[in-house]
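Me: I am new to this structure and would like to go through it by question and answer. Could you show it to me before we start?

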Amino acid sequence: MSSMLAGCVHPITMITETAPQRSQAHLIQKKVAYVMTDADRDLEVITPGGSGDRVSYYPYRDLEKSIRDALRAVYRDVVVLRTAGDAKANEAAGVSLVFAPRIKTDSSSSSLISWPPTSFTAEVSCVVTDAAGAEVTHVRATGNGTAEFGEFKGDFGLAARRAATRLTSQLSSEIRRNEKLR
């Protein structure tokens with residue numbers, strides 16, 4: 001058995017408090033949706049921490065607000081869908097674009113004596129379709145966060161939250177830049 005498997009697993013969260021600026025005057029006047037299933041929300045991920053320990057978290061549950069905030073910084077109205085494939089319901093609801101996020105994360109730590117990750121990466125890639133389900137484009141954003149041992153002060157998910165904050169900001173910027181998403 002490797003030492004990686006022998007270490008403890010510590011729960012952290014990636015939930016952020018900040019959101020990208022939302023300027024009513026610059027919003028695209030569309031109603032969009034993102035897809036987040038219960039299975040997505042219940043997906044637990046375990047990645048490396050320090051000193052041979054690991055951290056566990058729920059990336060979809062933790063980043064759902066961040067994804068919604070990134071979309072709300074660009075569009076007039078944002079709703080959540082439990083499934084992606086209901087074109088009639090999308091059209092009836094007035095949804096013009098549907099974002100289907102896939103999230104990848106990783107963490108590590110340079111510390112040999114403490115378990116919280118000192119480095120964290122979160123990536124979201126979205127296939128974007130129209131209301132009928134035809135693919136329009138893809139958008140991708142990555143956030144990296146770091147935290148040093150002296151900064152934690154009981155805030156063990158600090159690097160993860162910093163990564164999530166950068167991811168949210170980059171996602172709204174990438175959406176704004178993409179001409180197909182206007």
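**A helix residue, the sheet and an aromatic pair**

Reply: Thr165 is partly exposed, because its relative accessible area is 31%, and buried here means under 20%, exposed over 50% and partly exposed in between, with a 1.4 Å probe and protein chains only. This is a predicted model, in which local features need pLDDT of at least 70 and side-chain atom pairs count only at pLDDT 80 or more, while totals for chains, interfaces and linings use all residues. Residues are numbered from 1 along each chain as its sequence is written, and side-chain values use heavy atoms, with hydrogens and water left out.

Me: In which helix is the place of Thr165?

Reply: Helices (H or I, at least four residues) and strands (E, at least two) are DSSP runs numbered from the N terminus. Leaving out residues up to four places away in sequence, Thr165 touches Thr16 and Thr18, where contact means heavy atoms within 4.5 Å. The C-alpha atoms of Thr165 and Val124 are separated by 12 Å, with their positions 41 residues apart along the chain. The helix that holds Thr165 is α5.

Me: How far apart are the end C-alpha atoms of α5?

Reply: The expected span of a helix is 1.5 Å times one less than its number of residues. Helix α5 covers residues 158-177, so its 20 residues should span 28 Å. The value from the model agrees with this, since the end C-alpha atoms are 29 Å apart.

Me: Which elements do the buried residues of α5 pack against?

Reply: The buried residues of α5 include Leu158, Ala164, Leu167, Leu171 and Ile175. The helix lies across β5, β6, β7 and β8, running at about 150 degrees to β8, where axes are lines fitted to C-alpha atoms, for helices over the stretch in contact, and angles run from 0 to 180 degrees between N-to-C directions. The elements that its buried residues pack against are α3, β5, β6, β7 and β8.

Me: At which residue does α3 bend?

Reply: Helix α3 is mostly covered, with 10 of its 14 residues buried, and Tyr60, Leu63 and Ile67 are among them. The bend at a residue is the angle between axes fitted to the seven residues ending there and the seven starting there. In α3 this angle is about 30 degrees, and the residue is Lys65.

Me: In what order do the strands of the open sheet run?

Reply: Two strands pair if DSSP finds at least two bridges between them. Strands β2 and β6 run parallel and are joined by 4 bridges, whereas β6 and β7 run antiparallel with 12 bridges, and β7 and β8 are also antiparallel, over 11 bridges. The pairing of the 5 strands is thus mixed, and their order is β5-β2-β6-β7-β8.

Me: Are the planes of Trp115 and Phe156 stacked, edge-to-face or tilted?

Reply: Rings of Phe, Tyr and Trp (its six-membered ring) pair if their centres lie within 6.5 Å, and planes under 30 degrees apart count as stacked, over 60 as edge-to-face and the rest as tilted. A search of the whole structure finds 3 aromatic pairs. In the one formed by Trp115 and Phe156, the ring centres are 4.8 Å apart and the planes stand at 50 degrees, so the pair is tilted.
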